[in-house]
Amino acid sequence: MATGVWSPQLHTLKDFEFSGILTLASGRPYTAVFDSPEVNFSIVPGEKFNSFRGPTFKDFDLSVSRVFHLGDRYQLGFRAEAFNLFNHPNYQQNVIDNVQYTANLGGPNPTSSTDQLWTADPNPDFGAPGAIVPKFGSRSFQFSTRFTF
């Protein structure tokens, strides 16, 4: 996370204030699981615990403000704010499809009378985020005015 405020002294931008907040975060780790009809979620053989990362989080908020002095006692302030200015989609970290393979019963084993054959089908949605975070959704703007006396 990084924040900053700039109050330029240039003639045309004097008395304006620009501020921003940049938030960057890596995705949370998760473990790939192996799903079977018995609802037995277990770690996929050959994959380590927490070896995958969820989606990253990127957000930039910007505000521009200016205060006009009306005499000695009165002030009129204007403020414009933009949230998620670059409109980056941010997904929930805990809603990720972590089923890497689905086990399906393939039928009887021709070499054994008691064992069954299983197939492991890859999940095409493995690692896909499930939902966009409502709080940090699409780009939005906010404008305000304040009169101080």
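**Notes on the five-stranded sheet and its salt bridges**

1. Serine 65 sits opposite arginine 79 of β8. This is a predicted model, where local features need pLDDT of at least 70 and side-chain atom pairs count only at pLDDT 80 or more, while totals for chains, interfaces and linings use all residues. Residues are numbered from 1 along each chain as its sequence is written, and side-chain values use heavy atoms, with hydrogens and water left out.

2. That residue pair belongs to the antiparallel pairing of β7 and β8, which spans nine bridges. Strands here are DSSP runs (E, at least two residues), numbered from the N terminus, and two of them pair if DSSP finds at least two bridges between them. On the other side of the story, serine 65 in β7 is also the bridge partner of glutamate 17, and β2 and β7 pair antiparallel over ten bridges.

3. Now for the whole sheet: it is open, with five strands in the order β1-β2-β7-β8-β11 and antiparallel pairing. β1 and β11 (140-148) are the edge strands, each pairing on one side only. On average, neighbouring strands are turned by 10° against each other, direction ignored. At the β1 end, five bridges join β1 to the antiparallel β2, and tryptophan 6 stands opposite phenylalanine 18 in β2.

4. How many salt bridges does a search of the whole structure find? There are two, taking a salt bridge as a side-chain nitrogen of Lys or Arg within 4 Å of a carboxyl oxygen of Asp or Glu. One joins the side chains of aspartate 15 and arginine 66 at 3.7 Å, N to O. Aspartate 15 lies in the loop between β1 (2-6) and β2 (16-25) and arginine 66 in β7, so this pair ties together parts 51 residues apart in sequence. Aspartate 15 is partly exposed, at 47% relative accessibility (buried means under 20% relative accessible area, exposed over 50%, partly exposed in between; 1.4 Å probe, protein chains only).

5. Arginine 79, met above opposite serine 65, forms a salt bridge with glutamate 81 at 3.2 Å, N to O. Glutamate 81 is buried, with a relative accessible area of 18%, whereas arginine 79 is partly exposed at 31%.

6. Finally, a look at the surface: Phe68, Leu70, Tyr74, Phe78, Phe147 and Phe149 make a nonpolar patch of about 630 Å². β7 (57-70) and β8 (74-83) are the elements that give two or more residues to this patch. Patch residues have over 30% relative accessible area and no salt bridge, with like charges joined within 9 Å and nonpolar side chains (Val, Leu, Ile, Met, Phe, Trp, Tyr) within 5 Å. Leucine 70, found in β7, is partly exposed at 41%.

Technical notes
Areas by Shrake-Rupley, 256 points an atom, 1.4 Å probe, with all protein chains shown as cover. Helix = DSSP H or I, 4+ residues; strand = E, 2+ residues; numbered from the N terminus. Axes fitted to C-alpha atoms, helices over the stretch in contact; angles between N-to-C directions.
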